[in-house]
Structure formats: C-alpha cells, structure tokens
Amino acid sequence: RDAAKREELKAGGVRGTILTIPEAKGLEFEVVVVVDFWRDCPHRTAGQLWTLPASAPGEMARLVEQHRAGRLQGPTTRKERHALFAVVPIIHELKLLYTAITRARHQCLFVESSPARHGHLLRLWEGLGVI
C-alpha cells in the first residue's frame with residue numbers, strides 16, 4: 001500500500017520488483033503477489049465490509065441493474081439504503097483489488113498474515129469457482 005510496506009518487505013528479504021497497486025496500474029506481469037491486502041485495509045470494519053456481496057446479493061444485483069438501466073432514483077427501502085451505503089466505504093478498496101488482479105497475465109497470489117479479515121470473500125470466490 002505504501003513505501004513503508006515496501007521497505008518492510010525488502011528488510012524481510014523479499015527480492016524483485018515491489019510496487020504499490022497504484023504504481024503498478026497500466027503495467028502487466030506474469031505473476032503478481034499481493035501482500036496483506038485485507039490486513040492493511042484502512043477501514044476498521046473491513047472484515048465485515050467484504051461480507052456485503054454475500055449478505056445482500058439480491059439487493060446489490062437489483063441496485064446495479066437499476067443503475068445500468070438509468071432507472072436508479074435512489075434507495076427507497078431501508079434494506080436498499082443499507083445495501084447501497086454499506087458498499088460506499090470500500091469502493092476504493094474494490095478498485096484497488098480489481099487493479100491488482102488485472103495486472104497478472106497468468107497468476108495473482110494473495111499472501112495474508114490475517115486470514116480472518118478476508119475469509120468471507122474467499123468463501124464467495126470459492127463458491128463462484130474462481131479460485
């Protein structure tokens with residue numbers, strides 16, 4: 001995420017090109033290793049935020065479809081408001097995640113020292129058959 005993490009990795013003996021995700025934007029690599037993406041997420045409730053797609057898939061899908069069709073006037077029910085506004089804090093994180101994954105030509109590996117923070121997303125990906 002930042003220069004401090006890069007120095008920590010170098011001090012730990014990691015060799016090779018070490019870039020933050022924004023620095024890697026526009027580049028491609030055969031293999032990308034993302035280190036502590038979820039652990040270093042700046043949001044206090046990051047572990048809970050990643051559960052949103054799994055906890056309200058119908059509401060999220062409906063809101064996305066309305067947005068694409070240009071019919072989204074704003075959330076009207078409490079459940080819609082919760083689904084829409086709960087995702088706002090992680091939009092930046094989702095964009096970083098997308099950028100990290102799409103830098104890899106062949107493999108994208110995630111190394112996490114705090115697996116509890118990403119367990120829900122991991123289960124979602126496993127259920128979708130993408131990992």
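Helices (H or I, at least four residues) and strands (E, at least two) are taken as DSSP runs and numbered from the N terminus. The exercises below use a predicted model.

**Exercise 1.** Determine how many helices and strands the chain has, and in what pattern they follow along the sequence.

Solution. Start with the count: the chain holds eight helices and two strands. Then read along the sequence, which gives the pattern α-α-β-α-α-α-α-α-β-α.

**Exercise 2.** Find which residues of helix H1 are buried and which are exposed on the other side.

Solution. Step one: buried means under 20% relative accessible area, and exposed means over 50%. Step two: within H1, residues 3–11, the buried positions are Lys5, Arg6 and Leu9. Because these buried residues span an arc of only 105° around the axis, they sit on the same side of H1. Step three: Ala4 and Ala11 are exposed on the other side of H1.

**Exercise 3.** State what covers the buried residues of H1, and what happens just after this helix.

Solution. The cover includes helix H2 (21–24) and strand S1 (29–35). Just after H1, glycine 13 adopts a positive phi of about 95°.

**Exercise 4.** Describe the chain as a whole through its burial, contacts and exposed area.

Solution. First, burial: 32% of the 131 residues count as buried. Next, contacts: among those with a separation of 6 or more, 72% come from residues 24 or more positions apart. Last, area: the chain exposes about 8700 Å², of which carbon and sulfur atoms supply 57%.

Key. Residues numbered from 1 in each chain as written. Predicted model: local features only at pLDDT ≥ 70, side-chain atom pairs only at ≥ 80, totals over all residues. Heavy atoms only, no water. Buried < 20%, exposed > 50% of the residue type's maximum accessible area, 1.4 Å probe, protein only. Arc of directions from axis to C-beta. Contact = heavy atoms within 4.5 Å. Areas by Shrake-Rupley, 256 points an atom, 1.4 Å probe, with all protein chains shown as cover.
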